[in-house]
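Notebook open, structure loaded. I'm jotting down what I look up as I go.

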Amino acid sequence: MKNQALLKAIIDNAIDGIITINEKGIVESINPSACRLFLYDPEEVIGKNISLLMPSPDREKHDSYIESYKSSGIPHIIGHDRDVLGRKKDGNIFPFRLGVSEVKFEGERIFAGFIHDMSHQKEAENRLMQYTQHLEELVKDRTHSLNETIAALTQTKEEVSSTLEKEKELGKIKSRLLSMASHEFRTPLSTIHLSTSLIQRYSEDLNNPKIETHIRKIKSAVSNLTTILDDFLLLEKAESNKITLQISCFDLQDFIKEIIGELKLLTKKRQKIISIPNTAVTLVKLDKNLLKNCIINLVSNAIKYSGEETEIELSTAMTPNEIIINVKDNGIGIPKEDHEHLFEAFFRAHNTGNIPGTGLGLHIVSRYVSLMNGTISFESAINKGTLFTIELPRL
């Protein structure tokens with residue numbers, strides 16, 4: 001009795017469906033998993049022909065399958081480890097793996113069917129097949145596109161030459177347009193800036209804070225626009241190879257003091273620019289204008305991207321072969337994902353927000369440093385500031 005109870009518990013709790021039929025195909029038992037799979041209650045199946053659970057044409061031919069199996073021992077639908085189709089009570093057809101065992105019990109031949117639902121696996125196989133077909137079509141389309149591209153690239157030498165000439169001409173037009181726009185804008189901007197300064201002076205006696213506020217806004221807007229035009233003009237010169245090195249010998253420390261004096265006018269409330277000089281060697285041979293532009297750009301960025309009451313360090317160092325210039329701030333920093341693009345033209349870090357800029361400054365600095373046969377590198381982290389290092393060869 002204990003063994004029978006254990007066997008019944010195993011069958012009732014089996015994950016797969018288990019159905020037993022007699023040699024006439026009549027269902028004698030069905031476990032809960034098989035009932036859930038076929039959507040029948042046990043009393044709706046037990047005593048009925050197993051063909052109830054089969055779709056056509058197996059439904060109509062099942063009895064002949066059993067007779068053939070009994071006489072020959074060769075399975076057809078009721079075979080060992082075969083994928084067959086089942087029919088649920090609601091009429092839906094589904095695939096399952098069927099394993100059949102023959103058991104002789106009290107002189108009778110009993111067939112036990114073990115049913116493993118294959119619906120999810122078949123769906124996955126169908127999706128994989130559809131995806132494979134999609135990939136094949138995609139490869140076919142890409143191959144066609146590639147063939148068209150190759151055909152386009154095999155145009156005659158004269159056509160390619162003509163295209164290149166047109167591109168060169170367009171480049172020259174763009175260069176002239178940038179140069180003209182920069183110069184044409186500069187004159188009215190200078191006039192606006194001068195007039196604003198004069199208005200500011202004349203309005204001192206009026207003692208109206210609103211006038212002063214609007215004048216500051218005008219001067220700030222003019223300054224930003226002038227910076228943009230300067231960046232475009234410098235980029236145009238760099239890209240058209242109009243820059244030639246003008247090497248001269250000068251005192252680096254005096255030069256840096258001069259630049260800091262100019263930049264102090266741009267600092268925020270209680271911001272400080274601290275110079276950390278190297279007094280061992282002060283005379284250098286470099287292009288003074290290019291170096292000045294590089295330092296001004298880096299320090300201006302440090303001012304823009306740092307808060308009030310902060311310090312910006314400008315330091316120099318010398319080795320037997322190099323001149324090293326460092327600009328360090330403790331501002332907003334540069335996100336790690338932006339590091340690789342920082343020196344690209346028109347690129348700005350994602351955390352700059354409403355701080356004005358063209359995204360050209362660092363690109364121009366890198367071009368100028370390269371013209372002087374030097375390198376520029378940086379270290380930065382969000383809200384921990386940035387350190388730019390320029391290394392230039394000593395001549």
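How much area does the chain expose, and what share of it do carbon and sulfur atoms supply? I get about 24,900 Å² exposed, with 56% of it supplied by carbon and sulfur atoms. Note to self: this is a predicted model.

Overall make-up next. I count ten helices and twelve strands in the chain. Of the 395 residues, 34% are buried. I also checked contacts with a separation of 6 or more: 58% of them are between residues 24 or more positions apart.

Then I went to helix α9, residues 288–304. I wanted to see whether its length adds up. With 17 residues at 1.5 Å a residue, the helix should span 24 Å, and its end C-alpha atoms are 24 Å apart, so the two agree.

Is α9 enclosed or open? Twelve of its 17 residues are buried, so I'd call α9 largely enclosed by the rest of the structure. The buried set includes Leu 290, Leu 291, Ile 295, Leu 298, Val 299 and Ile 303. Polar side chains are on that list too, among them Asn 293, Asn 297, Ser 300 and Asn 301.

I looked at how α9 starts. Asp 287 caps the N-terminal end, with a side-chain oxygen 3.1 Å from the backbone nitrogen of Asn 289.

Last stop, the surface. I found a nonpolar patch made of Leu 128, Tyr 131, Leu 135 and Leu 138, which together have about 370 Å² of accessible area. I picked Leu 135 for a closer look: it sits in helix α5, residues 119–153. Its relative accessibility is 34%, so it counts as partly exposed, given that this class runs from 20% to 50%.

Notes: Residues are numbered from 1 along each chain as its sequence is written. This is a predicted model: local features need pLDDT of at least 70, side-chain atom pairs count only at pLDDT 80 or more; totals for chains, interfaces and linings use all residues. Side-chain values use heavy atoms; hydrogens and water are left out. Helices (H or I, at least four residues) and strands (E, at least two) are DSSP runs, numbered from the N terminus. The expected span of a helix is 1.5 Å times one less than its number of residues. Buried means under 20% relative accessible area, exposed over 50%, partly exposed in between (1.4 Å probe, protein chains only). A polar contact is a pair of N or O atoms within 3.5 Å; within protein, one must be able to donate a hydrogen and the other to accept it, and residues adjacent in sequence count only if both atoms are side-chain atoms. Patches are made of residues with over 30% relative accessible area and no salt bridge: like charges are joined within 9 Å, nonpolar side chains (Val, Leu, Ile, Met, Phe, Trp, Tyr) within 5 Å. Accessible areas come from the Shrake-Rupley method with a 1.4 Å probe; for residues, only the protein chains shown count as cover. A salt bridge is a side-chain nitrogen of Lys or Arg within 4 Å of a carboxyl oxygen of Asp or Glu. Contact means heavy atoms within 4.5 Å.
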